[in-house]
Amino acid sequence: MAVKILLWVLLALVLLAVAGGVWLFRFGAARSFKMKKMPGLDDSVTPAHGSFAEKCQQQERARDWLRAQPMLEDVEITARDGLKLHGYFLPAAQPTGKTVLAVHGYRCDGLREWGFYADFYHRCGYNLLMVDDRGHGQSEGKYIGFGCPDRLDVLCWADWLKKRFGDDCRTLLHGISMGGATVLLAGGEAQLEPSVCGIIDDCGYTSAWE
């Protein structure tokens, strides 16, 4: 009898561990998982740098500015594993081969993340390519790669820019958070297009676990 009870307990623990692992995977990496508002973001408290709600409103206004640009293009490439990847390309006011390849963070997208920066780069005379990572935005993909498969997608985007601008192509990689880790990983690839001349890592992480 005691052996049966022990076996049932062990089986219950195994099932609980499996269920917990599946839930954690869906929470962290599945595109379909809907995240609720993060705890601790209290809109009733206004810190020195402004409330969370104000930041969201600023982000929406910046995204509206981007969408209103008549030269904004929807672009698409095919990743090495066959996924269709989407991006937004905003040409500079004056023709140039200098482009910022912008990679967003975890569970964000190109327009939402880069609205804050787009006007700055546009005024500085750069083209801006804002990509939707696999599993995000309008790009295909069921799972979030945390920068690992995305690094190869960055290589494909850099190749796309090289084909578009030829010898005049000069590319700056700029990634935020998960995008920061992505551009650093891409920078370590031997196949990275030589036209990539710089990398900005904004608050990237050292590992997915951390």
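This briefing walks through the fold, the salt bridges, the cavity and a few notable backbone spots of the protein chain. The model is a predicted one, so please read every value below as computed from that prediction. The chain has 210 residues, and 40% of them count as buried. A good place to start looking is R134, which is linked with D81 and D153 in a network of salt bridges.

**Overall fold**

- The protein chain contains 5 helices and 6 strands.
- If you follow the sequence from its start, these elements come in the order α-α-β-β-β-α-β-α-β-α-β.
- Take the contacts between residues at least 6 apart in sequence: 75% of these join residues at least 24 apart.

**The network around R134**

- R134 sits in the loop between β4 (127-131) and α4, and D153 is found in helix α4, which spans residues 150-165.
- On one side, R134 forms a salt bridge with D81, with 2.8 Å between the closest N and O atoms. D81 belongs to the loop between β1 (73-78) and β2 (84-90), so this pair links distant parts of the chain, 53 residues apart.
- R134 also meets D153 in a salt bridge, again given as 2.8 Å from N to O. Because D153 is in helix α4 and R134 is in the loop between β4 and α4, this pair ties together parts 19 residues apart in sequence.
- The side chains of D153 and R134 are likewise joined by a polar contact of 2.8 Å.
- Are these two partners buried or exposed? D153 is buried, at a relative accessible area of 5%, and R134 counts as buried too, at 9% relative accessibility. Both verdicts follow because buried means under 20% relative accessible area.
- Leaving aside residues up to four places away in sequence, D153 touches I77, A79, L85 and R134.

**A salt bridge within helix α3**

- The count of salt bridges comes to 7, and one of them joins the side chains of R123 and D119, at 3.0 Å from N to O.
- R123 and D119 are both in helix α3 (residues 110-123); they are separated by about one helical turn because they are 4 residues apart.
- R123 counts as exposed, with 59% relative accessibility, while D119 is partly exposed, with a relative accessible area of 29%.
- If you would like to see the contrast on screen, set R123, which is exposed, beside R134, which is buried.

**The cavity**

- How many cavities of 30 Å³ or more turn up in a search of the whole structure? The search finds 1.
- The largest cavity holds about 40 Å³ of space.
- Its lining is made up of L85, V131, D132, D133, R134, D150, D153, V154 and W157.
- Helix α4 gives the most to this lining, with 4 residues.
- By residue type, the lining of the largest cavity divides into 4 nonpolar, 5 charged and no polar residues.
- R134 and D153 appear in this lining, and they are also members of the salt-bridge network with D81. L85 is another lining residue, and L85 is among the residues that D153 touches.

**Backbone spots and a loop to look at**

- F146 lies in the loop between β4 and α4. Its phi is near 55 degrees, a positive value in a residue other than glycine.
- F146 is partly exposed, with a relative accessible area of 27%.
- C203 also has a phi near 55 degrees, positive in a residue other than glycine; C203 lies in the segment after β6 (196-202).
- P149 has its place in the loop between β4 and α4, and P149 is partly exposed, with a relative accessible area of 26%.
- Measuring from C-alpha to C-alpha on your screen, you should find P149 and A79 9.7 Å apart in space, although they are 70 residues apart in sequence. A79 is also one of the residues touched by D153.

Key: Residues numbered from 1 in each chain as written. Predicted model: local features only at pLDDT ≥ 70, side-chain atom pairs only at ≥ 80, totals over all residues. Heavy atoms only, no water. Helix = DSSP H or I, 4+ residues; strand = E, 2+ residues; numbered from the N terminus. Buried < 20%, exposed > 50% of the residue type's maximum accessible area, 1.4 Å probe, protein only. Polar contact = N/O pair within 3.5 Å; in protein donor to acceptor, adjacent residues only side chain to side chain. Contact = heavy atoms within 4.5 Å. Salt bridge = Lys/Arg side-chain N within 4 Å of Asp/Glu carboxyl O. 1 Å grid on protein atoms, 1.4 Å probe; cavity = no way out; pocket = protein on both sides within 12 Å on 5 of 7 lines; lining within 4 Å. Points joined across faces, edges and corners; volume = space filled by probe spheres on them. Nonpolar A, V, L, I, M, F, W, Y, C, P; charged D, E, K, R; others polar.
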